[in-house]
Amino acid sequence: MHSNQKLPASIGINLLKAYISFIKTVPPPFSPQGPQNMKSALEAAEQYFVEAASVLDLSSSMRKLLMTPEREIKVQVPIKRDNGEIATFVGYRMQHNSARGPMKGGLRYHHEVNADEVLALASLMTWKTAVVDIPYGGAKGGISVNIKEMSIDELERLTRRFVDELHDLFGPDKDIPAPDMGTNSQTMAWIMNQYQKFHGFSPACVTGKPVELYGAEGREEATGRGVGTLTLATLRKTKRPIESATIAIQGFGNVGSFTAAYFEKAGGRVVAISDVSGGVFNRMGLDVTAALEWVKGKGSLAEFQGGEHISNEELLLLDVDVLIPAALGGVLTENNAHDVRAKMIIEAANGPITPEADAIFRKREILVLPDILANAGGVTVSYFEWVQNQQYFRWDLRRVREELENTLTRAFDRVWATAEEKKVSLRTAAYLLAIGRVGRAEILGGI
Ligand code: NAD
């Protein structure tokens, strides 16, 4: 569009909303994976892989094939700043595995993005897409940039330049980026637009786009809704009725807030929520709708009057049926795992439990639903967006929700049955299924 052309009113409002949500996605001042450092994120991913590979009795050659990324890309991304100076950033795209389909994974803008972190997250995407059995491999990308120091125009130039460097490696049948920390639907719209300058009309080259621009209904709520669906499935299996279950959720952003809203609708009792400002606790149950309204107006849960104020650390140790860490990685460690009183933990965030804490929970028989399954709702609805784009056909929200529930419930049942059959944790069972599927695809496809 020509710069002096007027935008239709509705598009203008949406652009404004996109800009505001950009400001909201400015990452808080913590390491992307929280207290756990990046090296241990990679180590944790490898440790879970090795544990499952041992149960599967995987040969060392197959282990090497599955652990070695297909392609590691590091590019220079120079842009002209608004003041005319040149600034040079470093961007990454790690393509871990494509045995089961085009590679799928988010693009993260954060000043601590580095090769190890992106690689760990890329391998997690391979297992995540395999465990829910959608026809994708795994990838992840990022640019090491502090977006708080960037104008919207600079972010646009940065994104377009990154696509200029990588467009030949992206594509609906090769590698499909999506939003992650520091990026949003506006970023995805720029990626699609820039990609199309080289390759022609191709909405399926990226997911998480605005709904007005080939995005999918229900993408925003998908991860939280998936967490809710899978928590209910876990409660059913352990014969705990949702009506009497107490739930604590750390993090009240995209994932935490949609998860809380889901439980409120399902008749569950959310007794604690928190964000970076701290937590609120009410044994009788919090008014989630009121909390959502409060955060919409005030920007955080600080001073929300629904209950007693507690710290994030206290929230993790509450005596509840379900604990849902939905903010940072590495919050449950060997230092606090012995004091956790929840009966089950649903890993809505990526890697909230360190491997040491995971071992303690196994010993204490606290059930853990692993991240590669628990938060797979987002990538599942990204897949639905890609399917719709490929078919030039739009599903309504009812269909998206129905397909999401089917996909996740099917995956959950398989993981549960595998855990029972092999007498392993749900995490190992999820990795067994995922590694088995990717390994079989490698063998059937051949080298
Ligand atoms: P978000 O930025 O929307 O929300 C993060 C929340 O965590 C906010 O409420 C923030 O205040 C809170 N928070 C920040 N620092 C905190 C601290 N020190 N203690 C307690 N709370 C703190 O992020 P999100 O999209 O909801 O993602 C949350 C987690 O879920 C991340 O680990 C992310 O990788 C993972 N995840 C997200 C998606 C998705 O679709 N959004 C998909 C898969 C996994």
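**A walk through the predicted model**

Glu365 is exposed, with 71% of relative accessible area. That makes it an easy residue to find at the start of our tour, and please keep in mind throughout that this is a predicted model. Glu365 sits in the loop that joins α11 (355–363) to β12 (367–369). What is the phi of Glu365? The angle is positive, at about 55°, even though Glu365 is not a glycine. For background, most residues other than glycine have a negative phi.

Lys239 gives us another example of a positive phi. Its phi is near 55°, and again the residue is something other than glycine. You will find Lys239 in the loop between α7 (222–237) and β6 (246–250). Is Lys239 buried or exposed? With a relative accessible area of 71%, well over the 50% cut-off, Lys239 is exposed.

From that loop, step back into helix α7, where Thr223 is placed. Thr223 is buried, because its relative accessible area is 11% and anything under 20% counts as buried. Which residues does Thr223 touch, once neighbours within four places in sequence are left aside? The contacts of Thr223 are Val255, Asn375, Gly377 and Gly378.

Another buried residue to look at is Asp275, in strand β7 (residues 269–275). Its relative accessible area of 13% is what places Asp275 in the buried class. Not counting residues up to four places away in sequence, Asp275 is in touch with Phe252, Ser300, Leu301 and Asn312. You can also try a distance check on your screen: Asp275 and Val295 are 20 residues apart along the chain, and their C-alpha atoms are separated by 9.9 Å.

Now let us turn to charges. Side chains of opposite charge can pair when their charged atoms come close. How many salt bridges does a search of the whole structure find? The search finds 22. One of these pairs Lys140 with Asp180, where the closest N and O atoms are 2.9 Å apart. This pair ties together distant parts of the chain, 40 residues apart: Lys140 is in strand β4 (residues 137–144), and Asp180 is in the loop between β5 (175–179) and α6 (185–199). Lys140 is buried, at a relative accessible area of 5%, and Asp180 is buried as well, at 18%.

A salt bridge also joins the side chains of Glu293 and Lys296, with 3.7 Å from N to O. Why are these two separated by about one helical turn? Glu293 and Lys296 are three residues apart in helix α9 (residues 288–298), so about one helical turn lies between them. As for accessibility, Glu293 counts as partly exposed at 49%, while Lys296 is exposed at 68%.

Next comes a bridge between Arg427 and Glu347, whose closest N and O atoms are 2.9 Å apart. Here too, distant parts of the chain are linked: Arg427 belongs to helix α15, Glu347 belongs to the loop between β11 (344–346) and α11, and 80 residues separate them. Arg427 counts as buried at 3% relative accessibility, and Glu347 counts as buried at 0%. Which residues are linked with this pair in a network of salt bridges? The network is made up of Glu51, Glu347, Asp358, Arg362, Asp371 and Arg427.

Since Arg427 is in helix α15, this is a good moment to look at how that helix meets α14. The axes of α14 and α15 (residues 426–445) come within 8 Å and cross at roughly 105°. Angles of 65 to 115 degrees count as roughly perpendicular, and α14 and α15 are therefore roughly perpendicular to each other. On the α14 side, the meeting residues are Arg414, Val415, Trp416, Thr418, Ala419 and Lys422. On the α15 side, they are Leu426, Ala429, Ala430, Leu432, Leu433 and Arg437.

Our last stop is just ahead of α14 in the chain. Tyr392 is in the loop between α13 (377–391) and α14 (397–422). At 58% relative accessibility, Tyr392 counts as exposed. Together with Phe201, Leu213 and Tyr214, Tyr392 makes a nonpolar surface patch of about 410 Å².

Note on methods
Residues are numbered from 1 along each chain as its sequence is written. This is a predicted model: local features need pLDDT of at least 70, side-chain atom pairs count only at pLDDT 80 or more; totals for chains, interfaces and linings use all residues. Side-chain values use heavy atoms; hydrogens and water are left out. Patches are made of residues with over 30% relative accessible area and no salt bridge: like charges are joined within 9 Å, nonpolar side chains (Val, Leu, Ile, Met, Phe, Trp, Tyr) within 5 Å. Accessible areas come from the Shrake-Rupley method with a 1.4 Å probe; for residues, only the protein chains shown count as cover. A salt bridge is a side-chain nitrogen of Lys or Arg within 4 Å of a carboxyl oxygen of Asp or Glu. Helices (H or I, at least four residues) and strands (E, at least two) are DSSP runs, numbered from the N terminus. Buried means under 20% relative accessible area, exposed over 50%, partly exposed in between (1.4 Å probe, protein chains only). Axes are lines fitted to C-alpha atoms, for helices over the stretch in contact, and angles run from 0 to 180 degrees between N-to-C directions. Angles under 35 degrees count as roughly parallel, over 145 as roughly antiparallel, 65 to 115 as roughly perpendicular and the rest as oblique. Contact means heavy atoms within 4.5 Å.
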